[in-house]
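Notebook open, structure loaded. I want to go through the strands, the packing inside and the surface, in that order.

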Amino acid sequence: MSFCHAGEYKEARRFCLGDIDGDGTDDIAVRYTLESFCGGNNTYFYMAVFLKRATEYKLAAFSQVGGDGIRGVDFDTIEKGKIYLTTDEYLPGDC
């Protein structure tokens, strides 16, 4: 079995605090990037959500939300349990 390695571009990491699950405490949403899969020049954007439980944060979910050839992703705020993203979509012929 063969594995490809990637690294996080830490300078591109963004996070936002807000009540995602409606319990009245701030949770955390993190947008991070992984780059250079298998030595390539590709970048993928992921979003992870951590919910506050007592005195610590627990990972609730994560998903790929963009990347090269898909879309650029950033986010500004969490309001009323929703994470609002700003995206830059690719048009046909851009890639």
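I looked up F75 first and found that its bridge partner in β7 is L85. This is a predicted model, so I'm reading every value as computed from it. That bridge belongs to an antiparallel pairing of β6 with strand β7 (residues 82–89), which runs over eight bridges.

Next I checked the turn. The hairpin of β6 and β7 has two residues between the strands, and K80 takes a positive phi there, near 50 degrees.

Then the inside. Which residues make up the largest nonpolar core? I get 11 in all: C16, I20, A29, F45, M47, V49, L51, V65, V73, F75 and I78. Both β4 (43–53) and β6 (71–79) supply at least two residues each to this core. β4 gives the most, with four residues. Another core lies apart from this one; it has five residues, including I28, V30, Y46 and A48.

I also pulled the contacts of V73, a member of the largest core. Leaving out residues up to four places away in sequence, V73 touches R31, F45, V65, G66, L85, T86 and T87.

Last, the outside. I found a nonpolar patch on the surface formed by F15, L17 and Y57, with about 330 Å² of accessible area together. L17 sits in strand β2 (residues 14–18). Is L17 buried or exposed? Neither, strictly: its relative accessibility is 45%, so I log L17 as partly exposed.

Conventions. Residues are numbered from 1 along each chain as its sequence is written. This is a predicted model: local features need pLDDT of at least 70, side-chain atom pairs count only at pLDDT 80 or more; totals for chains, interfaces and linings use all residues. Side-chain values use heavy atoms; hydrogens and water are left out. Patches are made of residues with over 30% relative accessible area and no salt bridge: like charges are joined within 9 Å, nonpolar side chains (Val, Leu, Ile, Met, Phe, Trp, Tyr) within 5 Å. Accessible areas come from the Shrake-Rupley method with a 1.4 Å probe; for residues, only the protein chains shown count as cover. A salt bridge is a side-chain nitrogen of Lys or Arg within 4 Å of a carboxyl oxygen of Asp or Glu. Buried means under 20% relative accessible area, exposed over 50%, partly exposed in between (1.4 Å probe, protein chains only). A nonpolar core is a set of buried Ala, Val, Leu, Ile, Met, Phe, Trp, Tyr and Cys residues joined through side-chain atoms within 4.5 Å. Contact means heavy atoms within 4.5 Å. Two strands pair if DSSP finds at least two bridges between them.
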